[in-house]
Amino acid sequence: MFSSPLHDRGVIARWRPYLPVTDATPVVSLNEGSTPLIHSPKLSALVGRGCEVFVKYEGLNPTGSFKDRGMTMAISKAVEGGAKAVICASTGNTSAAAAAYAARAGITCIVLLPAGKIALGKLAQAFMYGSKVVAIDGNFDDALRLVREIGETEPIAIVNSINPFRLEGQKTASFEIIDVLGDAPDVHIMPVGNAGNISAYWLGYREFHQLGKATKLPKMIGFQAAGSAPIYYGKVVENPDTIATAIRIGNPASWSLASAAMKDSGGACDIVTDEEILAAQRWLAANEGIFVEPASAASIAGLLKCQSDRRCDVCPMRFIPEGSRIVCTVTGHGLKDPDVAKDAIRGISTAPAEKSAILRLL
Ligand code: F0G
């Protein structure tokens with residue numbers, strides 16, 4: 001299919017015909033996108049039944065998460081519209097991306113974060129990229145409500161995923177998967193927080209299907225953290241809680257779009273516990289060399305839950321069909337959240353600086 005020479009120039013350059021940009025749009029890019037789709041022999045073996053598993057490693061974007069795909073669009077369009085400042089609520093990755101792209105564009109970025117609930121790497125990014133950071137005494141849902149209120153009265157562009165240009169940029173991940181596989185996968189598994197990303201992937205898959213660039217549509221399976229699972233439970237969670245702070249969200253903005261994606265594709269919304277998330281995070285790092293943040297590991301934990309020997313009560317498929325091609329999106333880099341990794345560092349062996357002492361320890 002496509003083998004674009006533009007793949008190293010960012011998602012707007014690579015996928016321009018499919019994005020709402022014109023020659024008048026000033027492209028603000030950090031060469032995001034074109035992330036690797038890594039075949040995982042060990043996950044494939046675990047799932048068995050002739051299935052092949054691929055990991056879309058979005059942590060390799062410029063600010064370490066998939067948000068860069070949407071932010072190149074949101075910031076480019078904001079600048080095109082004359083914005084001098086942008087604002088977002090975030091659990092950390094949106095703010096990192098907004099801050100970086102705003103810095104690149106030379107405009108002001110304001111970020112509202114839930115105090116005490118942002119992973120250290122993400123907080124460092126917001127400051128290093130020079131945004132104005134306000135930690136609010138509330139959760140992400142409160143922060144997003146405030147952002148909407150501020151956007152109504154102030155001349156500041158909102159770059160959360162309620163901004164439709166965000167989803168347009170993020171849908172390019174589906175294009176890339178189809179480009180590499182030569183068709184859409186059979187099953188796509190991903191974490192769900194504010195629910196924009198799964199909606200964007202579904203948009204991208206449907207678009208390329210309609211254009212005849214894919215012969216099929218994948219079943220979209222979204223995983224929420226058990227303590228923050230409004231879509232799974234079908235009701236707003238007032239006090240969401242999970243170790244996967246990126247998806248600690250009780251009232252997702254793209255709830256209905258995401259629900260439609262999962263339902264219309266014949267997929268499902270399910271949950272994974274914090275223990276399952278942490279186990280999957282370690283498993284992926286130690287077995288495939290792919291270090292992702294906890295929220296991203298929800299995809300892998302989810303896949304393990306979908307494994308062939310465990311009949312699923314939630315999913316209309318019950319089992320992942322034999323011979324399926326499965327893609328799991330891992331959304332953010334493991335270095336974003338060093339505190340969660342701290343436990344793994346415990347038990348470090350110390351030795352005098354002598355070869356024999358070291359060999360004795362091995
Ligand atoms: N994974 C990571 C690493 C995230 O940062 C997010 C969302 C998600 C998954 C879920 O994606 O919200 O589109 O369903 N992070 C947002 C933020 C909320 O503020 O960075 P979603």
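In this predicted model, the shell of residues around the ligand is made up of eight nonpolar, 11 polar and two charged residues. Among the 21 residues around the ligand, those that come nearest are Ser-90, Asn-194, Ala-195, Asn-197 and Thr-331. Three helices each supply at least two residues of this shell: helix 4 (93-105), helix 9 (196-210) and helix 13 (294-305).

Oxygen atoms of the ligand take part in polar contacts with both side-chain and backbone atoms of the protein. For Asn-93, a polar side-chain atom lies 2.8 Å from an oxygen atom of the ligand. For Thr-94, a backbone N or O atom lies 2.8 Å from an oxygen atom of the ligand. Ala-195 also places a backbone N or O atom by the ligand, 2.7 Å from an oxygen atom. On its own, the ligand has 470 Å² of accessible area, and the protein covers 99% of this. The space that the ligand takes is the largest cavity.

The model also contains an open sheet of four strands, in the order 5-4-3-6, with parallel pairing. Strand 5 (132-136) and strand 6 (157-158) stand at the edges of the sheet; each has a single partner strand, so one side of each is left without a neighbour in the sheet. In general, strands of a sheet pair through backbone hydrogen bonds, in either a parallel or an antiparallel manner. Strand 3 (residues 85-89) and strand 6 run parallel and are joined by two bridges. Within strand 6, Ile-158 is the residue that stands opposite Ile-87.

Notes. Residues are numbered from 1 along each chain as its sequence is written. This is a predicted model: local features need pLDDT of at least 70, side-chain atom pairs count only at pLDDT 80 or more; totals for chains, interfaces and linings use all residues. Side-chain values use heavy atoms; hydrogens and water are left out. A residue is near a molecule or strand if one of its heavy atoms lies within 4 Å of it. A polar contact is a pair of N or O atoms within 3.5 Å; within protein, one must be able to donate a hydrogen and the other to accept it, and residues adjacent in sequence count only if both atoms are side-chain atoms. Accessible areas come from the Shrake-Rupley method with a 1.4 Å probe; for residues, only the protein chains shown count as cover. On a 1 Å grid over the protein atoms alone, a cavity is a set of points where a 1.4 Å probe fits but cannot get out, and a pocket is an open set with protein on both sides within 12 Å along at least five of seven lines; lining residues have an atom within 4 Å of a point. A molecule sits in a cavity or pocket if more than half of its atoms lie within 2 Å of its grid points. Ala, Val, Leu, Ile, Met, Phe, Trp, Tyr, Cys and Pro count as nonpolar, Asp, Glu, Lys and Arg as charged, and the others, Gly among them, as polar. Two strands pair if DSSP finds at least two bridges between them.
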